[in-house]
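User: I should like to go through the terms applied to this structure and the grounds for each. Please set every value against its cut-off.

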Amino acid sequence: MIAHFDIDAFYASVAIRDDPALRGKPVAVAGSHRRSVVLTASYEARPFGVRSALPLYRALEACPNLIVVPPTMSKYKDISREVFAIFASRAHAIEGLSLDEAFIDFGPCSLGEATSLAQTIRDEVLDATGLTISAGVATGKMIAKIASDACKPNGLLAVAPGDEAAFLAPMPVGRIWGVGPKSQARLELAGITTIGHVAALDDAQAYRHFGSWANQVRALARGIDNRPVESDRETKSISSEETFEYDVREERRLAEVLRAQAAEVAEKLEREGLSACSVGVKIKRADFRTHGRQTHLAEPTRDARRILKAALYCLRRADLQGAPVRLIGLRVASLVPGEPLQTSFL
Amino acid sequence: MKFTCNTKEIAAAVGAASKVVNAHTTVPILSNVLLQAEDGKIAVRATDLELTLEHAFAADITEPGSVTVPAKLFSSYLGNLQGGRLELNGTPTRASVKCERSNYDFHALPPDEYPPLPQATKGSHFTIGGKRLREGIEATIFAASSEEARGAVLMGTLLELEGNSLTMVATDGYRLAKFQTTLDDGITGTEKYIVPSRALAEAARNLGSGEVISVSALGAQSNQLQFHSGDTAITVRLVDGQYPNYQQVIPPKFDRSLTVNTAAFIGSLRRAELVAGDRASMVKLAVSNQTLIITASSDISGNAYEELEVEQTGEDLTIAFNARYLVEVLNHIKSAQTVIEFLGPLSPAAIRPVEQPEGGQQLYVLMPLRQ
């Protein structure tokens, strides 16, 4: 059985934990200047439309009582290490997705055993960090993730073997992995609005809507998901991406997102015991044109500042000239084992 | 415009200029070289807006004027001529070339669209022997950063002037190269210029080493530097920024040293590097009992062991370097013997020739690897 774990409103929850006066209030974690974007919003802020990547000034317009707290990356990393150590003590395999999110393979066991293990982990995380973590338990990764999303915050949802298709059927079609907003809009026009609709397609219809990917996507929609939790796979690249709720034009805001992504990628490099020789930035414009820029480093690094500097260089070279951007991602590749050996005086 | 000239001379001038042209430029006129016929000479010019190279040669001019021709195309054409005389007839849209029994028409772009040379006021000015300047350039620029993401400052080479002294410094943070020399005609006071290293490479390639090279700062803010010798001028936009304080990097004192035969050392390092694997090309140097032991190993290739007799002073030491960086430094040392000074396994090491070259004083600093 497989579980997906995700800390609830991670950055915001840390702020509330450390300042109980914030409890029950709308809180957003964001940089301090007016052009910052929201990194995480507490559940109290979400009904106002405050979501991650929303420009802070718009968040403040939507929710004038919003309490803005600056991020403390080092604290998040420490908590992440603690949480992953708890995962490691209970798991056959862990596939980390970000600082606060992972798939865990419990190995061969019953739904009941897996659910109780997941609850144990939730309790241990709460004890150790004071944070709530939601979990989805299922036979496959996609269903586990959808389940944990569906039971947030502080939830545990297990989907019994055999119930997958029924669980997925009412979900919007955009929840299937690989179906982005553009495909979703196209499918909805064709009357395919739920995952159940995809599961019911015959071969010809599936092929017409999904091409060579038809069998895979229909299997996923029917709850068949055999992809393993890959903890020991050789990492070829590490990346972090963010799709914005609203298109972003200001390069300074993109730079701020890259800063957070560089910290996250550097943390993953350290956790995996790797260093990177190349850094790239992926930009998807509002018109869905995608640009990639990458640059090679003379010496491998896992230093967030070096990664950010290279990413900002890539961003400048993409020469966006204020074009609206819907997604930005940072990727490091050409990975070598270990920490960098070459010392430097700069 | 119309002129006739020696084929070899125009081929050399256009060939040199075409190296400056940026193959990826999106401005069509910058793909071209400008040929200006005036006062018995043809001046060939190319620019990428940062670096401009101009070289003139003698010709029989029947009608003065200018033409611009696609650099790569024209230079390849000229390079394939057998020799003899060439006649060129230029208009704003066409360059017609006759040589022996071949006739070519090249599409041209209007010469008045070509970026003009900076007509800037001259600032500080100095002269230096061509051989010394070339020695300094060759000894330093290889250590500059090639990583564009780290910025133009580290990709440049620092020229620090004080009276009659010129110090050239290049570094990427992992190694540092320094060359100190004297000027023929110095400046009053001090100046610091960060020059794009590729401009210095062009200067070393194109300026006659037998001649005296005159160097002038241009522009009200001294934001350009022009190297001039004979019929060749190279003008480059200087890098705006603060160069790292390199003097802090060079330890004032060392407590250990070894003196080694340069060629033998390079040979051992090159062999050891072969098995060092791709992880930082690590070679370990162990100095003890007047002997240097070089080792390297990797799971894939095996183990290397090399022994060299050295002159050792101070305590024993084991230190690791990237063999590639070390060999690159040693390749720029012409002295038969090289001295390396140390402070400890994680401190910068200084490398210098025992016999300094005629033109100046060479010094390298290399950062070690963590073992």
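User: Why is the sulfur of B:Cys99 too far from the closest cysteine sulfur for a bond?

Analyst: This is a predicted model, in which local features need pLDDT of at least 70, side-chain atom pairs count only at pLDDT 80 or more, and totals for chains, interfaces and linings use all residues. Residues are numbered from 1 along each chain as its sequence is written, chains are lettered from A in the order in which they are written, and side-chain values use heavy atoms, without hydrogens and water. A disulfide is a pair of cysteine sulfur atoms within 2.5 Å; the closest sulfur to that of B:Cys99 is in B:Cys5, at 9.0 Å, and is therefore too far for a bond. Over all chains, the search finds zero disulfides.

User: What makes B:Glu160 buried?

Analyst: Buried means under 20% relative accessible area, exposed over 50%, and partly exposed in between (1.4 Å probe, protein chains only). B:Glu160 has 17%, so B:Glu160 is buried. B:Cys99, at 4%, is buried as well, and A:Cys314 is counted as buried at 0%.

User: Which side chains meet in a salt bridge between chain B and chain A, and how do you know that the term applies?

Analyst: The term requires a side-chain nitrogen of Lys or Arg within 4 Å of a carboxyl oxygen of Asp or Glu. The side chains of B:Glu147 and A:Arg306 meet at 2.7 Å, N to O, so the pair satisfies that rule. The count between the two chains is one salt bridge.
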